[in-house]
Amino acid sequence: MRLKSKHKRYALSCLWICLLFFTSAPSFANQEQDAPGLELARQVVKEAKNTTTADHSRFKALNQDFTSGPEITKACLSCHTEAADQLKKTLHWTWLDPNSPKDNQRGKAGYSINNFCISANAMNDHHCNECHIGWNEKGKETEIDCLKCHGQKKINWEEVFQDYKILTESKDPEENVLAKDAQAEIHEAAQSIGRPTRKNCGSCHFSGGGGDGVKHGDLDPSLINPNRKLDVHMGYDGQDFECSRCHTTVAHHVAGRIYGTPASETRHSLLEHDLEPKIMCESCHSDKPHELSSKMNDHTDKVACQACHVPVIAKVLPVQRWWDWSRAGKKKDGKPYDVNGPFGKPVYQSTKGDTKWEKNVIPNYLWFNGSIKGFTAKDMIDPSKVVKLAWPEGNRNEKNARIFPFNIHSGKQPYDTVNKTMTTPLLSGEHGYWTTFDWQDSIQRGAKYLNLPFSGKIDFVETAYVFPSTHMVAPREEALKCNQCHTRPDSRLADLAGFYMPGRDKVKLIDIAGWAIVLSSFVGIVLHALGRIFANGRKKEE
Amino acid sequence: MYSIKMVTTYLYTRYERFWHWLQMALIFLLLITGFEIHGVYTLMGFEEAVEVHNFVGIAWLIAFAFFVFWIFTTGEWKQYVPTTKKLFEVIHYYGIGIFKGEPHPVPKRKGAKHNPLQRLTYLSLATMLLPIQMVTGIFYWTYNSWEAWGLGFISLKIVALIHLAGAFSILTFIVVHVYMTTTGHSIFAHIKAMITGWEEIEEGEEVEDWEKPSLRECPETVSAEKG
């Protein structure tokens, strides 16, 4: 009897230990609770009440007849006296990187080169200036167009002012009446004023490069009204953030990276510094956003949040991945032509050459310290290699560098074979390549605007240009799983060398030797066992 | 064949048996999850495997501390004192004698559970291989603190590879160890002993002086369970 009860006790204590073991395992911990980083972020972005104290439609300054855009701007500045001074210092107006050398200044108004429309030719390629925040295509020789960012009603200003002019100058009284309608339209648009929405910012940032989704991959018109699945922060059924919710703005300086200048070098959370911009994930989520014991928190020093939380880009609309200028200029029956391909996007245009488009793009992963090294028309190239026109800076030994996802746009474009520099063809206008299809002439003209030499000899070189993938943040259930990187041979980080990563890396010799020893010991015991069976049988026969 | 009268003797105390099987379970889990982390196969998924591996690793470390305490307080450590005496006879037995039906040169007895080969194996296991796994495991686990501890010069690759080599060694040990349990008087005699504590051993076999832990035998380990 005693033995029995002892056994019972023994079994019970075993059971108890097993229970203790499994119930206290961290993997079985209560996962209902949200991660600290999420709670924290919810605290700092509690729904903002509409705090505006002004109804722009009641301002006298805006209740006058306007005959041109700059007149509206003057009306704005009659109250917002400092706005123009503030704005004209910012990149949005200057298109010049303030932190680059004056003799080789980066920026669209400087010597920067990309592999889309290549160069803005010091703002003389007027087509590019459509995205400048001035009133016309002449770049900075005009007034700021406040409505580009603050206008909540988009109209074709050029057309409506022209109509208004014709109608008021007309001698037909009926047309004079119609002029009032035109002015009413102008009034309505000029008085619909608000903080910039996704649509305002997106009118340039979603359609840069001459079309929807040409450039970024993580920024395209699908973000004007995205759902939570597309972007947890901007989704109408998520947080419904406007761009400026993270790109916090002080005196018209919008937080964000400017070429080689990182968006933030400190990565402070708002708990550490309440006036920090909210531009980094860490600003709201802290640098230990996951559950306390989570291994994922250990990753944040080397892996950017985006690496896992922006697992795929161009989720709704395709992004352009390839632009081969060397194929441009072909004609059918003496006329330029277009060929459309998948997604209804062109795969060939006489004006532009070959283009390739992709949807649901998996980003490339590179070390990134927040700076992107931009290339200029003055920099020398090595034409035997792919020319990296924009490439992230940083390596794994840098404290501030992290593994970051990028969309890499590649292509081919003309370079000067004698000077070993990238060329800057003029594209739009009557002398631009799109009209003349003459590389020599358009490059010559483009170079002149930038005071650059041109040898007259060109060839095409392959180029690459990166965009950090930081928008289109997926819902957490769609974030990358550990084994999408910690695996072989299809690790997302397969190309990153110089460090050991469990699950991705192995040393063949150790693996082979290890398994060989295990296997040979197994073979050894099998042989030994067979020997025993055989010997035993013989003994029995005896 | 010569017949020897067998007697059933209590060889392994409750704690010893518990420790053995707990360790077996922990090592089994560590191997399963460890090789998954190394990318050999996919079973529970990398994330789960890491969590289980870390948890079990720490659990083993704590359990091992209890074992160390037990082995010293009970004097059982003396069962692990290595000797070369009769070592070659034991090797000869497993290599040749076992096929001829020769008797084991150092059969199990109360107070001398381990033959010289076992002593050597278990001693190296407990003082070399397992501590290497524990130390490299702790380093692996605390990777993110190396910088703060001034240990930034350590290479994760080296730590990982030592840990892996250790895992292969343990796996090899297990293959042989499990097989060796079948070499008792019957195929399951040794396993049964490790479950119940009782094993049939040959009557009359005396523990020779060289095998004796010491003159001051620990009475608990021998007689505690007699009732």
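How many helices and strands does chain B have? In this predicted model, chain B has 7 helices and 2 strands, and when the chain is read along its sequence these elements follow the pattern β-α-α-α-α-α-α-β-α. Of the 227 residues of chain B, 21% count as buried, and among its contacts between residues at least 6 apart in sequence, 73% join residues that are at least 24 apart.

One element of chain B can be followed in detail, namely helix α2, which covers residues 46–73. Its 28 residues, at 1.5 Å a residue, should span 40 Å, and because the C-alpha atoms at its ends are indeed 40 Å apart, the expected and the computed values agree. The buried residues of α2(B) include B:F46, B:W60 and B:F67, and what covers the buried residues of this helix includes α1 (14–37) and α4 (116–141) of chain B. After α2(B) comes B:G75, whose phi is positive, near 80 degrees.

Chain A, for its part, is divided by the domain assignment as follows.

| Domain of chain A | Residues |
|---|---|
| domain 1 | 56–194 |
| domain 2 | 198–317 + 359–417 + 457–504 |
| domain 3 | 508–535 |

The C-alpha centres of domain 1 of chain A and domain 3 of chain A lie 81 Å apart.

The two chains also meet, since 29 residues of chain A are in contact with 29 residues of chain B. On the side of chain A that touches chain B, the largest share, 12 residues, comes from helix α14 (residues 508–541) of chain A, and the residues of that side divide into 14 nonpolar, 8 polar and 7 charged.

Technical notes. Residues numbered from 1 in each chain as written. Chains lettered and ligands numbered in written order. Predicted model: local features only at pLDDT ≥ 70, side-chain atom pairs only at ≥ 80, totals over all residues. Contact = placed C-beta atoms within 7 Å. Helix = DSSP H or I, 4+ residues; strand = E, 2+ residues; numbered from the N terminus. Nonpolar A, V, L, I, M, F, W, Y, C, P; charged D, E, K, R; others polar. Buried ≥ 20, exposed ≤ 12 C-beta atoms within 10 Å, placed from the backbone. Domains from an automatic or database assignment. Expected span 1.5 Å × (residues − 1).
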